[in-house]
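Welcome! The report below walks through a few parts of one structure, and it helps to keep the 3D view open while reading.

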Amino acid sequence: MPQQARDERASPFIKWVGGKRGLLEQIRPHLPATYGRLFEPFVGGGALFFDQQPKRATLSDNNARLIATYRGLRDATDEVVWRLQGYRYDRDEYHAIRAQTIDGAPDAAVAAWFIYLNKTGFNGLYRVNSKNRFNVPFGSYTNPNICDEPRLRACAAALQQTNLVLGDFEEVSRKARKGDLVYFDPPYVPVSATSFTSYTAGGFDSEQQVRLRNVARHLASRGVHVVLSNSSARAVIELYQDDFDILELRARRSINAKADGRQAVVEFLMKSRTF
Ligand SMILES: C[S@@+](CC[C@H](N)C(=O)[O-])C[C@H]1O[C@@H](n2cnc3c(N)ncnc32)[C@H](O)[C@@H]1O
């Protein structure tokens, strides 16, 4: 049996742009006191799921490699740990692993590939070219923790009862029933956007934001509890003000490469009027 160095509570095992770890204290008080299942249709690093660890959850995303990573960790934890223990922090090794054809490989291999590149690539970014090839450059770290075994095992344990789904947010959230909680954390509307401009951020344009609002509204009308994050753009107010309560959260975001380049940025949390 592999040794567990320390007893650890689960928390995100990957860095993810837009990760909600730093906002959990502010989000928690706005969740319903009780709910059925938790749905996270834009799961990313899964900060809210790992914080809540509900008995029943459906986690989904439209990034196939990310969902394969969650599945690999849940179903083949030992193999993921073993593979990661064999990887070194080295520029040539990074380029060799990055160049592997990973789609279609077993989930455990995808998970090790994904976690290694996340821990050793520049800023933990996930970025691909037009051929879906991962193209983030090698990152500079003192001693990256490529295989954080206690955390990986804690996450794997938390994931055992979850339903992991690859797909679009609309299709997946349709399964939510009255009393369930759906937390939507989409790519954000650019802060500069007004309702009259068109924009695309992370492939998620104004049309998608409207589609998301319509889905959220429909779920709430069926008695599903909906909580949704987005930026503090004017367009967000216009999208949600009629049917949702809009709260302000303060996020600390890096605005430049220097450690002191951090300042509080306001973002919104929308709540359905079902609780
Ligand atoms: C802001 S991130 C979520 C961050 C996450 N809550 C966390 O704490 O790490 C947005 C996620 O939405 C996913 N995504 C983008 N468009 C989507 C769509 N149409 N359906 C489902 N997921 C989508 C992206 O792959 C990304 O993982």
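## Where helices meet

Start with the contact between two helices: Arg-65, Ala-68, Thr-69, Arg-71, Gly-72, Leu-73 and Asp-75 in α3 meet Asp-107, Ala-108, Val-110, Ala-111, Phe-114 and Ile-115 in α6. Sorted by class, the contact of α3 with α6 has seven nonpolar, two polar and four charged residues. Please bear in mind that the model is predicted.

Two packed helices are described by the angle between their axes and the distance between the axes. For helix α3 (residues 64-75) and α6, the axes come within 7 Å and cross at roughly 115°. The two helices, α3 and α6, are therefore roughly perpendicular to each other. In passing α6, α3 makes a left-handed crossing.

Helix α6 also has a contact with α5. Here Tyr-94, Ile-97 and Arg-98 in α5 meet Trp-113, Tyr-116, Leu-117 and Thr-120 in α6. This contact of α5 with α6 has five nonpolar residues, one polar and one charged. Helix α5 (residues 91-99) packs on α6 at an angle of about 140°, and their axes are 10 Å apart. That makes α5 and α6 oblique to each other, and α5 passes α6 in a left-handed crossing.

How do α4 and α7 lie relative to each other, roughly parallel or roughly antiparallel? The axes of helix α4 (residues 77-85) and α7 come within 10 Å and cross at roughly 160°. Therefore α4 is roughly antiparallel to α7. The crossing in which α4 passes α7 is right-handed. On the α4 side, Thr-77, Val-80 and Val-81 take part, and they meet Glu-149, Leu-152, Arg-153 and Ala-156 in α7. The residues of this contact of α4 with α7 divide into four nonpolar, one polar and two charged.

## Around the ligand

Which residues come nearest to the ligand? Of the 18 residues around the ligand, the nearest are Gly-18, Phe-42, Gly-44, Gly-45 and Asp-185. By class, this shell around the ligand has eight nonpolar, six polar and four charged residues.

## Two buried residues

Pro-41 sits in the loop between β1 (38-40) and α2. Is Pro-41 buried or exposed? Pro-41 is buried, because 27 other C-beta atoms lie within 10 Å. Leaving aside its neighbours within four places in sequence, Pro-41 is in contact with Ser-60, Phe-169, Val-172, Ser-173, Val-182 and Phe-184. Another proline, Pro-106, is 65 residues from Pro-41 along the chain, and the C-alpha atoms of the two are separated by 23 Å.

Ala-216 belongs to helix α9 (residues 206-221). It counts as buried, with 24 C-beta neighbours inside 10 Å. Apart from neighbours within four places in sequence, Ala-216 is in contact with Phe-184, Val-226 and Leu-228. Phe-184 thus links the two descriptions, being in contact with both Pro-41 and Ala-216. As for Gln-161, it is 55 residues from Ala-216 in sequence and 25 Å away in space, C-alpha to C-alpha.

## Loop residues to look at

Three residues in loops can be set side by side.

| Residue | Loop | C-beta neighbours within 10 Å | Exposure |
|---|---|---|---|
| Gln-53 | between α2 (47-52) and β2 (57-61) | 16 | partly exposed |
| Asn-123 | between α6 and α7 | 14 | partly exposed |
| Asn-132 | between α6 (107-120) and α7 (149-159) | 11 | exposed |

What is the sign of phi at Gln-53, positive or negative? Gln-53 has a positive phi of about 40°, although it is not a glycine. Asn-123 also has a positive phi, of about 55°, and it is not a glycine either.

Why does Asn-132 count as exposed? Asn-132 has 11 C-beta neighbours inside 10 Å, and a residue with 12 or fewer is exposed. Asn-132 and Asp-103 are 29 residues apart in sequence, while their C-alpha atoms are 9.8 Å apart in space.

Methods: Residues numbered from 1 in each chain as written. Predicted model: local features only at pLDDT ≥ 70, side-chain atom pairs only at ≥ 80, totals over all residues. Near = placed C-beta within 6 Å. Nonpolar A, V, L, I, M, F, W, Y, C, P; charged D, E, K, R; others polar. Helix = DSSP H or I, 4+ residues; strand = E, 2+ residues; numbered from the N terminus. Buried ≥ 20, exposed ≤ 12 C-beta atoms within 10 Å, placed from the backbone. Axes fitted to C-alpha atoms, helices over the stretch in contact; angles between N-to-C directions. Parallel < 35°, antiparallel > 145°, perpendicular 65-115°, else oblique. Left-handed = near helix turned anticlockwise from the far one by under 90°. Contact = placed C-beta atoms within 7 Å.
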